[in-house]
Amino acid sequence: MKAGLLVSLIVNFLVVASAGGFYNDFYFNWGHDHGKVYDNGNSLSLILDKNSGSGFQSKKEYLFGKIDIQLKLVHGNSAGTVTTFYLSSLGPYHDEIDFEFLGNTSGQPYTLHTNVFSQGKGNREQQFYLWFDPAADFHTYSILWNPQRILFSVDGIAIREFKNLESIGVPFPKNQPMRIYSSLWEADDWATCGGRVKTDWTKAPFVASFRNFNVNACAWSYGASSCKSKSGFADFISNSWIWEELDVGRKGQMKWVRDNYMTYDYCKDSKRFPHGLPRECYVTNFP
């Protein structure tokens with residue numbers, strides 16, 4: 001994307017940063033009795049049993065930003081469970097940026113499922129194993145979304161980059177503000193081994209824990225930015241996520257992850273796309 005266009009997209013935004021407690025920025029949107037907030041609103045747990053799971057969402061919508069969350073996944077036999085952290089707008093032509101953690105039987109690795117929807121179209125799945133046990137301790141999962149790219153990161157290591165390639169006709173999420181969502185729910189018809197392994201309800205309740213929400217983003221309200229800059233372009237010098245791109249070192253880290261831990265890439269699934277892979281898959285530097 002040309003620098004002038006990038007400036008024109010963001011020059012009217014002033015970043016809203018928030019590292020407040022749960023009640024300041026989020027609320028439970030379902031399964032209210034299966035969510036527990038503690039540590040003065042800085043931590044919470046979502047609980048899944050046969051009766052219900054739970055989920056929460058942000059009070060605000062955002063158009064571009066960097067969102068970090070620390071998450072400890074369901075321990076032990078988590079088969080059939082799905083823990084999510086994602087951004088989404090609403091409607092049939094919605095945009096969406098997904099982290100989904102697909103549970104597995106004890107001793108088997110979680111699958112980290114990522115996807116990007118633009119104008120209602122997804123089918124851009126990439127999946128990974130992690131290089132640590134995500135149920136043993138908290139780890140930081142980040143979504144960076146700016147006018148040039150979307151970056152998925154784990155503990156600061158980029159695992160996926162989805163670039164703005166509108167110049168070759170690939171839709172990119174840039175016009176629809178999105179809310180932040182997270183949930184824990186049961187999907188044993190598909191989540192583990194294609195649905196062959198079911199949820200063992202004798203292991204319930206299943207618990208996923210969250211803490212240290214950090215939202216550094218451009219808020220959107222009543223059809224326009226609620227944080228229009230008064231002083232102009234200089235406000236953005238210190239907000240590095242607006243300009244962020246991968247340097248050589250981070251590209252090397254991402255290559256290491258993708259070479260060693262990627263388990264599925266839609267850009268390599270020619271059977272799924274018999275009439276040709278999506279356009280972005282033919283771009284040389286598209287990961």
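**View 1. Strand 12 and strand 13 run antiparallel, joined by six bridges.** The model is predicted; local features need pLDDT of at least 70, side-chain atom pairs count only at pLDDT 80 or more, and totals for chains, interfaces and linings use all residues. Residues are numbered from 1 along each chain as its sequence is written, and side-chain values use heavy atoms, with hydrogens and water left out. Strand 13 covers residues 157-163. Ser153 has Ala158 of strand 13 as its bridge partner. Two residues lie between the strands in this hairpin, where Asp155 takes a positive phi near 50 degrees. Strands (E, at least two residues) and helices (H or I, at least four) are DSSP runs numbered from the N terminus. Two strands pair if DSSP finds at least two bridges between them.

**View 2. Strand 11 pairs with strand 12 in the antiparallel sense.** Five bridges link the two, and strand 11 spans residues 139-145. Leu144 stands opposite Leu151 of strand 12. A hairpin of three residues connects strand 11 to strand 12.

**View 3. Strand 12 is largely enclosed by the rest of the structure, because six of its six residues are buried.** Strand 12 runs over residues 149-154. Buried means under 20% relative accessible area, exposed over 50%, and partly exposed in between (1.4 Å probe, protein chains only). On one side sit Arg149, Leu151 and Ser153; on the other, Ile150, Phe152 and Val154. Both faces are covered. Across the chain of 287 residues, 53% count as buried.

**View 4. Eight strands form an open sheet with antiparallel pairing.** The order is 2-5-14-7-8-9-10-17. Strand 2 (26-30) and strand 17 (262-265) stand at the edges; each has a single partner strand, so one side of each is left without a neighbour in the sheet. From one strand to the next, the twist averages 15 degrees. Axes are lines fitted to C-alpha atoms, for helices over the stretch in contact, and angles run from 0 to 180 degrees between N-to-C directions.

**View 5. Strand 8 and strand 9 are joined by seven bridges.** Strand 8 holds residues 96-102, strand 9 residues 111-117, and the two run antiparallel. Glu100 stands opposite His113 in strand 9.

**View 6. Helix 3 packs on the sheet.** Helix 3 (residues 248-261) touches strand 10 (126-128) and strand 17. Its direction makes about 90 degrees with that of strand 17. Contact means heavy atoms within 4.5 Å. The chain's secondary structure comes to three helices and 17 strands.
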